[in-house]
Structures are given as C-alpha cells and as structure tokens.
Amino acid sequence: KAKEEVTHALEQEKELNTLKSRFISMISHEYRTPLTVILTSTYLIEQYYEGTKRDNFEKFTSKIRASVKSMIQLLEDVLTIGRSESGKLSYNIDKIRMVDFINEIIEEVTVIY
C-alpha cells in the first residue's frame, strides 16, 4: 500500500510539473506578443514624431524600450527556470571577463533609471 501511495504521489508531482511548464510557456507567449507590439510602436512613433521637444521624447521612448526589453528578459529567465526544473536545460560553461560583465549590468541599470 505504501508503494502505491508513493507511486501515486510521484505521478501527481509529474503532472503538476507538466502543468507548470505549460503554464509558464503560455504566460511567456501571452506577454511576449503585447511587449513586441509596444516595442515596435515606440520605434514607429519615434519615426513619425516631429516636435520641438525631440530630445525629451526620445528619452521617454528609450525608457519604454529599455523597460520592455527588461520584461522580455524576465520572461526568458522564467522560461529558463522552468526548463531547468523539467530537465530540458542544457548549458555551456564559458569564461567571462568580469569587468565587461559588470559594466554591461551597470549600463542596463542606468538606462532603466
């Protein structure tokens, strides 16, 4: 009887993991589409905008783009976590230059703020 309970619990856990993976994929897709539309729209608005406050306008559209890209990266991170939990993640260990890596992070943060 204990073996049956353990087997049943294992099957339930597998089913929950499958549902979680599907949910994460669905959410990712649902967010990605509007984010892509927003990002594309900022480029289009910038192309058609003619005004005296062009610098301010470009500053705001740049912030929108940076925020959208940040949200897309968050979605990618969530997908990566989902893949790692389901065992579908492969990885390669590479050497990185820490100074360059930290400078990239600083650039990303300063663009957002």
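This tour moves through the structure one selection at a time.

The model is predicted: local features need pLDDT of at least 70, side-chain atom pairs count only at pLDDT 80 or more, and totals for chains, interfaces and linings use all residues. Residues are numbered from 1 along each chain as its sequence is written, and side-chain values use heavy atoms, with hydrogens and water left out.

**The whole chain.** Begin with the protein chain coloured by pLDDT, the predictor's confidence in each residue, from 0 to 100. The mean is 79, and 88% of the residues reach 70 or more. Confidence is lowest in H2, with a mean of 77, and highest in H3, at 83. Where pLDDT is low, the predicted coordinates should not be read in detail.

Switch next to a cartoon. The chain contains three helices and zero strands, in the order α-α-α along the sequence; helices (H or I, at least four residues) and strands (E, at least two) are DSSP runs, numbered from the N terminus. About 9800 Å² of the chain is exposed, and carbon and sulfur atoms supply 59% of that area; accessible areas come from the Shrake-Rupley method with a 1.4 Å probe, and for residues only the protein chains shown count as cover. Of the 113 residues, 12% count as buried (buried means under 20% relative accessible area, exposed over 50%, partly exposed in between; 1.4 Å probe, protein chains only). Among contacts with a separation of 6 or more, 68% join residues 24 or more positions apart (contact means heavy atoms within 4.5 Å).

**Helix H1.** Select residues 2-48. This helix has 47 residues and reaches 69 Å from its first C-alpha to its last, close to the 69 Å expected at 1.5 Å a residue; the expected span is 1.5 Å times one less than the number of residues. Show the side chains of Ile24, Ser28, Leu35, Leu39, Thr42 and Glu46, which are buried in H1. Ser25 also lies in H1, but it is partly exposed, with a relative accessible area of 42%. Draw a distance from Ser25 to Leu79: the two are 54 residues apart in sequence, yet 6.9 Å apart in space, C-alpha to C-alpha.

**Arg65 in helix H2.** Move to residues 54-86, helix H2, and pick Arg65. Arg65 counts as buried, at 14% relative accessibility. Beyond its neighbours within four places in sequence, Arg65 is in contact with Leu39, Thr42, Tyr43 and Glu46. Of these partners, Leu39, Thr42 and Glu46 are among the buried residues of H1.

**The salt bridge.** Select Arg97 and Asp100, whose side chains meet in a salt bridge at 3.4 Å, N to O. A search of the whole structure finds one such pair (a side-chain nitrogen of Lys or Arg within 4 Å of a carboxyl oxygen of Asp or Glu). Arg97 is exposed, at 60% relative accessible area, while Asp100 is partly exposed, at 36%.

**Helix H3 and its surroundings.** Finish with a surface view of Ile96, Met98, Phe101, Ile102, Ile105, Ile106 and Val109, a nonpolar surface patch with about 620 Å² of accessible area together. Patches are made of residues with over 30% relative accessible area and no salt bridge, with like charges joined within 9 Å and nonpolar side chains (Val, Leu, Ile, Met, Phe, Trp, Tyr) within 5 Å. Ile106 belongs to helix H3, residues 98-112, and is partly exposed, at 47% relative accessible area.
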